[in-house]
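Colleague: I have a structure to go through with you. Shall we take it in questions and answers?

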Amino acid sequence: MATQNLNVYTKKMEIALLIAVLILSALNIALLFLNKNKSNDDKISQIQEDMQRIEEILQSELKQMRNENRISERENRQEIFVNINYMGENLSKSMDRLAASQRTQLDIFSSRLKDLAKLFSEQQAQNRQIMETTLNQLRKENVEKLDEIRTIVDDKLKSTLEERFDKSFKLISERLELVHKGLGEMQSLASGVGDLKKVLTNVKTRGNLGEIQLGNILSQILSPEQYIVNAQINKMTSERVEYAIKLPGQTPKNGSLLLPIDSKFPTESYQRLLNAYDTGQNIEEEGRNFEIVVKKNAEDIKQKYILPPYTTDFAIMFVPTEGLYAEILRRTGLFETLRREYKITVAGPANLAAFLSSLQMGFRTLAIEKRSGEVWQLLSTVKTDFSKFGDILDKTKKKLIEATNVIDQAGVRTRAIERHLGSIDSVGTSNIGEIEN
């Protein structure tokens, strides 16, 4: 309202000023026109007076317009203040009405939301109850099917395995009985192996002279058929070796291959060497003399008793005391020289007994090998039966795997049904979302 009054007043002022400007313009034109006619002084005076009056009137009008303008502005301010207060009151009332409307709408929405939540809870409870009932029924059916499958599989496996096991164990028992008989015969052949071990650890030699002691060792370990006393190696000469062991093998004249064994006991040179050790004098000289005597004895055995192919290409020189044997070993290179150049192996009482025991064990091994062929044949038959038994077990394993696969498929089917039932929740949720929208 105040804005409209101010606009009207402003338009009036503009019209008045425009009129005053037009009047002044007209007067100025008149003055210019009159200035050209100097004779019209009276008229000019009259016009000037009129202009003065008009100016006074304009000033009066302007003053009145200013007063009216101030009054109008004051009235406009009052009117604007009143309008603002009125608008504030209206706005406050509108806000109160809007807040009340919103509270009402919120109450309505809350009520609808509670109703929807209650409906959702009821539907969810119904769906859960239906799902639990369905799952319980499926579990019960699965358990019954699995028990039925397990019973069928157990019955088939039990009957099949019992039948197969009875046949297989019966066949194995028969074969093992034959193997037991063969092993009994092998045990009778190997009964002397324990005695051979005792000889290796508890050798008791008798006598102090070489030949008697050598004979005692041979008689303790070998049977009389396994060695020859005073054997004649070369039929062209009358030389005879003290003992010769018969080895497996044939000579050109179909005789046994002989291993010559001759005892040597260089007592004098050995005793002189011991005395040199005691006195600490002439040890090197006596040691060289001792080596010369030992080599001479080895050369004597080589020339007389080594005669291939009737004998082995080496012979054994037996020394009757362990001290003498240890001294030969202690001399640097002496033992190797005897073996390399003279083809002689030196043996003392202990290691000769061990050597003979090894030969005796070899003889026993040959006898066992002759008998072991039959045992191996029997074991091969048992091996064949075992392979057949393995095939039966493989077939049984396949049946068990098939039963396991059937159970796994039932489990996969159960999980698939559970996934389908799980989709019920998603369907219920989507329906509730549509209702809210």
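Modeller: Start with a pair in helix H2: Asp147 and Arg150 both lie there, 3 residues apart, about one turn of the helix. Keep in mind that this is a predicted model.

Colleague: How far apart are the closest N and O atoms of Asp147 and Arg150?

Modeller: The two residues sit about one turn of helix H2 apart. Their side chains form a salt bridge. The closest N and O atoms are separated by 2.9 Å.

Colleague: Is Arg150 buried, partly exposed or exposed?

Modeller: Buried means under 20% relative accessible area, and exposed means over 50%. Arg150 has 41%. Its partner Asp147 has 37%, so Asp147 is partly exposed. By the same cut-offs, Arg150 is partly exposed.

Colleague: Which residue forms a salt bridge with Arg330?

Modeller: Look in helix H7, 3 residues away from Arg330, which means about one helical turn. The N to O distance of the bridge is 3.0 Å. The partner is Glu327.

Colleague: Which cover class does Glu327 have: buried or exposed?

Modeller: Arg330 has a relative accessible area of 48%, so Arg330 is partly exposed. Glu327 has 6%. The cut-off for buried is under 20%. Glu327 is therefore buried.

Colleague: How many residues apart are Asp300 and Lys264?

Modeller: The side chains of Asp300 and Lys264 meet in a salt bridge, 3.3 Å from N to O. This pair links distant parts of the chain. Asp300 is in helix H6, while Lys264 is in the loop between strand E3 (256-263) and H5. The separation is 36 residues.

Colleague: What is the relative accessible area of Lys264?

Modeller: Asp300 has 24%, so Asp300 is partly exposed. Lys264 falls under the 20% cut-off, so Lys264 is buried. Its value is 17%.

Colleague: Which residues are linked with Asp300 and Lys264 in a network of salt bridges?

Modeller: Asp300 and Lys264 already meet in one salt bridge. The network takes in further charged residues. They are Glu239, Asp262 and Lys304.

Colleague: How many salt bridges does the count come to?

Modeller: The rule asks for a side-chain nitrogen of Lys or Arg within 4 Å of a carboxyl oxygen of Asp or Glu. Asp147 with Arg150 is one such pair. The count comes to 9.

Colleague: Which residues gather with Arg74 in a patch of positive charge?

Modeller: Arg74 is placed in helix H2 (residues 41-189). Its relative accessibility is 43%, so Arg74 is partly exposed. The patch is on the surface. The others in it are Arg66, Arg70 and Arg77.

Colleague: Which helix gives the most residues to the largest nonpolar core?

Modeller: That core has 25 residues, and Phe290 and Val294 are among those with the most contacts inside it. Elements that give two or more residues include strand E2 (240-250), helix H5 (267-279) and helix H6 (283-305). The top contributor, with 5 residues, is H6.

Colleague: Where is Asn282, with its positive phi near 55°?

Modeller: Asn230 also has a positive phi of about 55°, although it is not a glycine. Asn230 is in strand E1 (residues 227-232). Asn282 has a relative accessible area of 48%, so Asn282 is partly exposed. Its place is the loop between H5 and H6.

Technical notes:
Residues numbered from 1 in each chain as written. Predicted model: local features only at pLDDT ≥ 70, side-chain atom pairs only at ≥ 80, totals over all residues. Heavy atoms only, no water. Patch = residues over 30% accessible without salt bridge, like charges linked within 9 Å, V, L, I, M, F, W, Y side chains within 5 Å. Areas by Shrake-Rupley, 256 points an atom, 1.4 Å probe, with all protein chains shown as cover. Lys, Arg positive; Asp, Glu negative; His and termini not counted. Charge placed at Lys NZ, Arg CZ, Asp CG, Glu CD. Helix = DSSP H or I, 4+ residues; strand = E, 2+ residues; numbered from the N terminus. Buried < 20%, exposed > 50% of the residue type's maximum accessible area, 1.4 Å probe, protein only. Core = buried A, V, L, I, M, F, W, Y, C linked by side-chain atoms within 4.5 Å.
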